[in-house]
Amino acid sequence: MDNRSDIWRGVDTIKGRFIELSDRVWAMPEVCYTEARSAAEHLAELRHQGFRITENVADIPTALIGEWGEGGPVIAFLGEYDALPGLSQEAGVAEPRPVETAGHGHGCGHNLLGSAALLAATAMKDWLAEHKVPGRVRYYGCPAEEGGAAKAFMVRTGAFEDVDIALTWHPHSFWEVAVTPSLANTRADFTFTGRTSHASASPHLGRSALDAVELMNVGVNYMREHMPSDARIHYAMIDSGGNAPNVVQASAKVRYSIRARDVHGMNALIARVAKVADGAALMTETSVTLSVTSGVSNLLGNTPLEKAMQSQLERLGPPPFDAADRKYAAQIQATLSAEDIASSFARVAMPVRKDTPLCDFVVPYGTKGVPMIGSTDVGDVSWVVPTVQARCATVAIGTPGHSWQITAQGKSGQAKKGMVNAAKVMAGLAVDALNDTALIASAKADLKARTDVLPYICPLPADVKPPVIMSK
């Protein structure tokens with residue numbers, strides 16, 4: 001019997017419940033650490049399917065684990081369900097049309113991500129039961145991937161210690177194994193404290209915290225010329241000190257996101273940015289404090305698992321998109337710029353194909369396209385467990401990440417077909433790993449060889465706890 005075809009049929013048999021789960025989570029978008037209803041939906045499905053449940057993982061109310069099986073290897077499926085602020089959008093249309101002004105929306109497709117991972121885990125549970133094979137399937141419901149670093153906190157508490165391999169995926173324009181590295185990333189708040197006074201009658205008595213933030217931003221902008229070209233620094237004003245221009249602002253807060261190729265480089269940049277902040281405080285006679293809210297590591301590759309996943313992709317083929325899917329994808333592409341579409345193709349080293357609104361091919365393993373690198377807390381899992389991630393086509397080619405267009409496509413035919421294919425890839429790879437223990441052994445050897453050279457360093461300071469109530 002071909003076990004991969006067997007598990008794929010198992011996915012098709014039960015997929016309806018998980019498509020409905022994805023649609024429900026899409027309709028209740030909840031951001032970083034506030035995913036109470038979304039987590040409850042996943043928890044209810046896990047209970048319905050007979051998984052053993054662990055809640056409040058790493059002291060995070062919306063983090064959970066479901067496990068089924070006994071003995072054998074532990075195969076983890078990583079799911080997510082957090083949304084993004086400001087990306088509220090009606091489904092199935094090709095124009096900006098918020099459901100709620102300035103509301104949240106699933107602009108990164110995590111409604112699909114978590115539902116497909118749970119679909120794969122459940123199909124794997126059913127396969128284990130049918131074939132009476134020793135092994136444990138474990139679903140990790142992970143909140144706050146968007147800026148909250150929940151998986152890093154979960155790793156720090158040992159939630160993955162006995163896992164043999166971890167499998168996950170992400171909605172995307174193309175059908176490929178994720179081999180592009182991610183960037184280590186920290187979020188840090190710099191809070192300046194000065195002294196208030198009347199801005200006209202007694203300006204000499206005031207010490208402006210807002211001036212300090214502005215000087216810090218200028219200093220960091222000058223620093224950009226003198227840091228590695230693949231590093232990134234971004235900032236956002238969290239508190240400008242008030243809206244009265246005739247009052248010298250006594251407090252102000254700016255949040256920085258600092259990214260680098262690895263944690264060592266990130267920590268070096270944090271120290272440099274902190275020196276700039278100290279200089280700004282010195283110039284303005286204010287004081288400054290630094291508070292790290294989250295941090296994630298860069299993604300560590302795993303060649304044996306990547307090649308095994310590529311085999312799954314090639315054998316399964318791209319999602320079976322139909323004419324209606326392609327028509328809607330073309331309408332979405334009409335809202336994009338030529339540069340959006342060209343940049344997307346450049347990521348997979350291909351010229352623009354104007355007659356291809358949806359991906360109908362498998363990107364060859366090891367393709368070296370133009371890197372466009374973000375960050376993910378999957379990185380921390382990859383340093384302690386052999387981990388592999390698929391990118392599965394669910395949106396029109398060229399769709400920008402974190403956009404209303406992704407939210408709009410979140411309940412579309414192409415999204416659902418891509419989600420089911422993603423579940424088949426992960427479940428098929430899990431079956432292969434259980435049938436071939438040499439694959440797990442080689443994956444572990446690959447991880448050991450990488451971490452022997454550069455051991456894992458948790459990007460979170462020891463005193464930082466999960467920011468379950470995110471500061472504003």
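**Notes on a predicted structure**

1. A convenient place to begin is R207, which lies in the loop between β7 (184-193) and α5 (209-223). The model is a predicted one, and the remarks below should be read with that in mind. The side chain of R207 makes a polar contact with the side chain of E285, at 3.5 Å. Leaving aside residues up to four places away in sequence, R207 touches G194, R195, V248, Q249, T284, E285 and T286, so that E285 appears both as a polar partner and in the list of residues touched, because contact means heavy atoms within 4.5 Å.

2. The sheet deserves attention next. It is an open sheet formed by 7 strands in the order β1-β2-β4-β3-β5-β11-β6, and its pairing is mixed. Which strands stand at the edges? They are β1 (52-55) and β6, each of which has a single partner strand, so one side of each is left without a neighbour in the sheet. As general background, strands of a sheet pair through backbone hydrogen bonds, and the pairing is either parallel or antiparallel.

3. Strand β2 can be followed through its pairings on either hand. β1 and β2 pair in the antiparallel sense over 4 bridges, and here the bridge partner of I53 is G66 in β2. Strand β2 (residues 64-70) also pairs with strand β4 (residues 135-142), again in the antiparallel sense, over 7 bridges. Within that second pairing, E67 has R138 of β4 as its bridge partner, while W68 is bridged to V137, likewise in β4. Strand β2 is largely enclosed by the rest of the structure, because 5 of its 7 residues are buried.

4. Helix α3 (residues 110-131) passes a simple check of its length. At 1.5 Å a residue, its 22 residues should span 32 Å, and the C-alpha atoms at its ends are 31 Å apart, which agrees. Is the helix mostly covered or mostly uncovered? It is mostly covered, since 18 of its 22 residues are buried, where buried means under 20% relative accessible area. Just after α3, K132 takes a positive phi of about 50°.

5. Helix α7 (residues 303-316) can be checked in the same manner. Its 14 residues, at 1.5 Å a residue, should span 20 Å, and its end C-alpha atoms are 20 Å apart, which agrees. The buried residues in α7 include P304, L305, E306, A308 and M309, and further along the helix Q310, Q312, L313 and L316 are buried as well. By way of background, an α-helix has 3.6 residues a turn, so residues three or four places apart point the same way. Just after α7, G317 takes a positive phi of about 85°.

6. On the cysteines, how many disulfides does the count come to? The count comes to 0 disulfides. C32 is in no disulfide, and the nearest cysteine sulfur to it, that of C142, is 13 Å away, which is outside the limit because a disulfide needs two cysteine sulfur atoms within 2.5 Å. C108 is likewise in no disulfide, its nearest cysteine sulfur being that of C32, at 13 Å. C32 counts as buried because its relative accessibility is 9%, and C108 counts as buried at 14% relative accessibility.

7. A search of the whole structure finds 6 aromatic pairs. One of them is formed by F174 and F345, and it is edge-to-face, with 5.7 Å from centre to centre and 65° between the planes. This pair links distant parts of the chain, for F174 is in the loop between β5 (165-172) and β6 (176-177), F345 is in helix α9 (residues 338-347), and the two are 171 residues apart. Both rings belong to buried residues: F174 counts as buried at 1% relative accessibility, and F345 is buried with a relative accessible area of 0%. Ring pairs link F174, F345 and F361 into a cluster.

8. The last point concerns V352, in the loop between α9 and α10 (378-384). Not counting residues up to four places away in sequence, V352 touches I341, A342 and F345, the last of which is also a member of the ring cluster. At 41% relative accessibility V352 counts as partly exposed. The C-alpha atoms of V352 and R136 are separated by 43 Å, and these residues lie 216 residues apart along the chain.

Technical notes: Residues numbered from 1 in each chain as written. Predicted model: local features only at pLDDT ≥ 70, side-chain atom pairs only at ≥ 80, totals over all residues. Heavy atoms only, no water. Polar contact = N/O pair within 3.5 Å; in protein donor to acceptor, adjacent residues only side chain to side chain. Expected span 1.5 Å × (residues − 1). Buried < 20%, exposed > 50% of the residue type's maximum accessible area, 1.4 Å probe, protein only. Phe/Tyr/Trp six-rings, centres within 6.5 Å; stacked < 30°, edge-to-face > 60°. Pairing = 2+ DSSP bridges.
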